[in-house]
Amino acid sequence: MILSIKNLLPTYFEQQRTTTSEIWGKDIVFNKGELVKIVAPSGSGKTSLMHFLYGMRQQYKGDVLYDTQPLKKFTPEDFARVRTNQVSIVFQDMKLLPESTVLENLEVKRQLAPFHDGDKVLEMARRLGLGDKLSSRGKTCSYGEQQRVAIIRSLLQPFDYLLLDEPFSHLDNNNAQKAMELIIEEARQRNATVILADLEKIDFYPYTSIYYL
Ligand SMILES: Nc1ncnc2c1ncn2[C@@H]1O[C@H](COP(=O)(O)OP(=O)(O)OP(=O)(O)O)[C@@H](O)[C@H]1O
């Protein structure tokens, strides 16, 4: 699957934004295997963009296309299919199941479309320092722990595109770098494209293309 945008602009932004932005109002194809960096100052529409690309909101002019199909024509079943197999996301607000344990949060995702076996979940959790948190409830985890769980969860399914909305905002550099290494490894295994939007340029992201939102 190939993700592209055509003349995309939130309905709540002035047309004038298209003159300063490298994303809004432009036609862009995000090619297979690219590591895309989107530098997005607060208020530039980073979360809007990620929600549009994932098909969660459609308050925009122009189009988001998966292959040649505009998301505006997708049915709920189409979205369920692509989100299980083709597009994965780490939300800015993580969206863990608060009453479920860390392991349950991860297993629920993994079992929908197993890309890895259960042992890999444990290995990833240990690698990101969550080995002793597996039986803690989502709501009792710190924001940094929740963010690491959300990152691992996003890597347990097949995907062609991985959307990351400020994925390291609650992590120290050491944890962020470990998470980044895991993300890149998993993306390479799938020959997938990573689209990472953040407030600033992260030094340790080996991006292949960069856009200023
Ligand atoms: N549904 C909406 N209707 C009207 N305005 C909106 C809507 N959604 C977002 N906005 C506005 O658009 C702007 C961008 O919002 P968005 O959440 O995409 O920003 P962001 O770049 O992710 O910001 P931050 O980095 O601070 O989270 C904000 O000024 C916000 O108030």
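This briefing goes through the sheets, the core, the ligand shell and a few individual residues of the structure shown above. The model is a predicted one, and residues are referred to by their number along the chain, counted from 1. Two open sheets are described, one of 5 strands with parallel pairing and one of 4 strands with antiparallel pairing.

**The parallel sheet**
- Reading across this open sheet, the 5 strands come in the order β6-β7-β8-β3-β9, and their pairing is parallel.
- The strands β6 (87-90) and β9 (209-212) stand at the edges, and because each has a single partner strand, one side of each is left without a neighbour in the sheet.
- Between neighbouring strands of this sheet the average turn is 15 degrees, when direction is ignored.
- Strand β3 (residues 35-39) is joined to strand β8 (residues 193-198) by 5 bridges in the parallel sense, and it also pairs with β9, again in the parallel sense, over 4 bridges.
- Val36 can be followed to both of these strands, since its bridge partner in β8 is Ile195 and its bridge partner in β9 is Ser209.
- Leu35, for its part, stands opposite Val194 in β8.
- Strand β3 is mostly covered, with 4 of its 5 residues counted as buried.

**The antiparallel sheet**
- The other open sheet has 4 strands in the order β2-β1-β4-β5, and here the pairing is antiparallel.
- Its edge strands are β2 (27-30) and β5 (69-70), each of which pairs on one side only.
- Strand β1 (residues 3-10) and strand β4 (residues 60-66) run antiparallel and are joined by 6 bridges; within β4, the bridge partner of Lys6 is Asp63.

**The nonpolar core**
- The largest nonpolar core has 58 residues, and the members that touch the most other members are Leu53, Ile152, Leu163, Val194 and Ile195.
- Leu53 is in contact with Leu3, Val64, Leu163 and Ile195, once its neighbours within four places in sequence are left aside.
- Two of these core residues have already appeared in strand β8, where Val194 stands opposite Leu35 and Ile195 is the bridge partner of Val36.

**The shell around the ligand**
- The residues around the ligand are Tyr12, Ala40, Ser42, Gly43, Ser44, Gly45, Lys46, Thr47, Ser48 and Gln59.
- By type, this shell divides into 2 nonpolar, 7 polar and 1 charged residues.

**Phe115 in its loop**
- Phe115 has its place in the loop between α4 (102-112) and α5 (118-127).
- It has 18 other C-beta atoms within 10 Å and is therefore partly exposed, a class that lies between exposed, at 12 or fewer, and buried, at 20 or more.
- Leaving out residues up to four places away in sequence, Phe115 touches Leu156, Gln157 and Pro158.
- Asn85 lies 30 residues from Phe115 along the chain, and the C-alpha atoms of the two are separated by 9.4 Å.

**Two residues with positive phi**
- Most residues other than glycine have a negative phi, and the two residues below can be read against that background.
- Lys95, found in the loop between β6 and α4, has a phi near 60 degrees, a positive value in a residue that is not glycine.
- Lys95 counts as partly exposed because it has 14 C-beta neighbours inside 10 Å.
- Asn191, in the loop between α7 (173-190) and β8, has a positive phi of about 50 degrees although it is not a glycine.
- Asn191 has 9 other C-beta atoms within 10 Å, so it is exposed.

Conventions. This is a predicted model: local features need pLDDT of at least 70, side-chain atom pairs count only at pLDDT 80 or more; totals for chains, interfaces and linings use all residues. A residue is near a molecule or strand if its C-beta atom, placed from the backbone, lies within 6 Å of it. Ala, Val, Leu, Ile, Met, Phe, Trp, Tyr, Cys and Pro count as nonpolar, Asp, Glu, Lys and Arg as charged, and the others, Gly among them, as polar. Two strands pair if DSSP finds at least two bridges between them. Axes are lines fitted to C-alpha atoms, for helices over the stretch in contact, and angles run from 0 to 180 degrees between N-to-C directions. Two residues are in contact if their C-beta atoms, placed from the backbone, lie within 7 Å. A nonpolar core is a set of buried Ala, Val, Leu, Ile, Met, Phe, Trp, Tyr and Cys residues joined through C-beta atoms within 7 Å.
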